[in-house]
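Grab a pencil and work through the exercises below at your own pace. Try each task before you read its solution.

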Amino acid sequence: MSDETSISRPPSRGQLVGDVLFRRVSQVSAALVLVLVAFIVLRISLAAAPAMRQHGLGFLTERIWDPNKARYAILPEIWGTLYTSVLALILGTAFGVAAAIFLSEGFLAQATYRVLRALGIELRPWWSKLPDRLEAALKNLVNLLAAIPSVVYGLWGLFVLIPLIRPICNWLHLKLGWLPIFETDLSGPGVLPAVIVLSIMILPTVTAISCDALASVPPRLRMAAYGLGATRWETILGVIVPTASRGIFGGVVLAFGRALGETMALAMLVGNANQISVSLFSPANTLAALLANSFPEAGPKQIGVLMYAALVLLGITLVVNVIGSILLQRASAAAGAR
Amino acid sequence: MTTPPSGQTGNGSTNGAAALLGQDVVIDCNIRELFYGTFKAVRDTAIPVKRNNITAFIGPSGCGKSTVLRCLNRMNDLVRGFRFEGHVLFRGKDIYARSIDPVAVRRYIGMVFQQPNPFATSILNNVAFGLRLNRYKGSIAERVEQALRRAALWDEVKDKLGNSGLSLSGGQQQRLCIARAIATEPEVLLMDEPCSALDPIATRKIEELMLELKARYTIAIVTHNLQQAMRVADQTGFLYVDTTEGGRTGYLVEFGASKELFEAPREAHTKSYISGQFS
């Protein structure tokens, strides 16, 4: 430091203060999030406490919801929530993972490139970037599905989807009505429209996380498979998807959390019927839809009951999300170890 | 041994070049020009790969030696914009002919890469991967053991075949990849700088292994380690970079028996390269 020509010097007072300030601000922000979550859980629990004392665990296992007799139980809603979410998850995962494979394995870019080569313009500067740009654009388009408001999905379901699928559903009921899943007809809102819309809503989550998981598979594994004489499908299904499977699974669990909590679209589409049925065409109800539909007319006593239901929903969603986060962390740790 | 990709007699009678070079040339590679997009990567490179020999490609970084190697089993087809003029005859048949499926080529010409790249699955499944691709009907376990023995890895892993291939050390992983490549008994084994990610002891083991394997397989290897080429290779090709046209185009300067190439190089470029005057 005695050297006159050296530019190096210790950090100034301002730099040190800025450093400390930055650390404090981020610590407080992080703490605020935790405090907020704790506060929400606490307030809901307090509001739910009287109802919990009055109805106990029978609230979770009985079927009757009758405000006139002050009898409340939410088993049909728990069933409806899980049933619609699981079905939507199966549908959404199938299409979401397929879309992720299409987007991250270069199918579109390759097809575009072929067209450009056939036209003889694949080497022109502007056109040569087109395949990758198209692929990026399509990825963003899938993510845009997440930006559509829930109520718009609900309206679309009511006015487009239900009229569209109704003839098919009723035909299925007529021909295959002996199957439990087709044992009622679709008279309007019901499980199937809710499931279809819900699966579209969770598709971006599944696709985005699956894309990342697939993209994080080291390219040398792809080369290894091709080098052994694997076809493209053998490479994708035999090596790439299994290697990315943990990441994909984490995405699926996060999507499940989203499906469980989805409110507006389901309140519009699920039919709000307090019953347990495996039929895809019968109306049902979910916890979130129950809350959304019941709060506007709820008296002070009923609010406690609804808070109890909200706490149950919160519990289910929280557990699912925590599991998803843990799986994601493990997957990225495993990827880091490679 | 395996048969060539289609019902071809493999006697090279239909092709003058292969016939001239003799029966013991398994791959007759002649690259006139090779492009990635507008980039001309390699030109004028003709290398005959002889049966049960080790053929090494050496040269400075970016001279296209890996590119040439990847031409031999059509791995370059996976690169967008790849264009190739010339021919690569495998047992007298052009693997770049329209009727040939690149996937089929790769089943007869195996490959080992620079970075060990075992799949994230068990040791057994790694070695069995190629067998299952080829719908092998016999005993998988038997073939896996045989391949692991030939790759000099059996004694180290025989008690933990169910463990992940990723749990092995770098050198073991590379031998696992060799076992995986030879499990299906390919005729030719291409090795792209197989030791560059390994320590000297692991490197030594792989080199010993190559010398053993050449009794059964034909090996072509890219290496930037001149001593390695001297130690293991029967023939060596020296590639260099031509920057005169403004690009970086690799071409073959000299090809011959390793002993001659290293002790009495004909070309000035070869001489200065092997004496360490540039890298």
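Two residues count as being in contact when they have heavy atoms within 4.5 Å of each other. Keep in mind that this is a predicted model.

**Exercise 1.** Work out which residues of H4(B) meet which residues of H5(B), and how the two helices are oriented.

*Solution.* Start with the residues. On the H4(B) side you should find B:Ile123, B:Leu124, B:Val127, B:Ala128, B:Leu131 and B:Arg132, and they meet B:Ile140, B:Arg143, B:Val144, B:Ala147 and B:Leu148 of H5(B). Next, sort them by class: nine are nonpolar, none is polar and two are charged. Now for the geometry. H4 covers residues 123-133 of chain B and H5 covers residues 140-150, and their axes come within 9 Å and cross at roughly 110 degrees. Angles of 65 to 115 degrees count as roughly perpendicular, so H4(B) is roughly perpendicular to H5(B).

**Exercise 2.** Describe how H8(A) packs against H10(A).

*Solution.* First, locate the helices: H8 is residues 191-215 of chain A, and H10 is residues 232-261 of chain A. Their axes lie 8 Å apart, at an angle of about 150 degrees. Angles over 145 degrees count as roughly antiparallel, and therefore H8(A) and H10(A) are roughly antiparallel to each other. The crossing is right-handed. Then look at who touches whom: H8(A) contributes residues including A:Leu198, A:Met201 and A:Ile202, while H10(A) offers A:Ile240, A:Val241 and A:Ala244, among others. The class count for this contact comes to 14 nonpolar, four polar and one charged.

**Exercise 3.** H10(A) also packs against H9(A); find the angle and the residues involved.

*Solution.* H9 spans residues 219-227 of chain A, and its axis comes within 10 Å of the H10(A) axis, crossing at roughly 145 degrees. Again, the crossing is right-handed. From H9(A), pick out A:Leu221, A:Arg222, A:Ala225 and A:Tyr226; they meet A:Arg232, A:Thr235, A:Val239, A:Ile240 and A:Thr243 of H10(A). By class, that gives five nonpolar, two polar and two charged residues.

**Exercise 4.** How many salt bridges link chain A and chain B across their interface?

*Solution.* Get a feel for the interface before counting. On chain A, 21 residues are in contact with 26 residues of chain B. Together the chains bury about 2,000 Å², and 68% of that is on carbon and sulfur atoms. The count of salt bridges across the interface is three. To check a pair yourself, try A:Glu234 and B:Arg107: they form a salt bridge, with their closest N and O atoms 3.3 Å apart.

Methods: Residues numbered from 1 in each chain as written. Chains lettered and ligands numbered in written order. Predicted model: local features only at pLDDT ≥ 70, side-chain atom pairs only at ≥ 80, totals over all residues. Heavy atoms only, no water. Axes fitted to C-alpha atoms, helices over the stretch in contact; angles between N-to-C directions. Helix = DSSP H or I, 4+ residues; strand = E, 2+ residues; numbered from the N terminus. Parallel < 35°, antiparallel > 145°, perpendicular 65-115°, else oblique. Left-handed = near helix turned anticlockwise from the far one by under 90°. Nonpolar A, V, L, I, M, F, W, Y, C, P; charged D, E, K, R; others polar. Buried area = accessible area lost by both parts, 1.4 Å probe. Salt bridge = Lys/Arg side-chain N within 4 Å of Asp/Glu carboxyl O.
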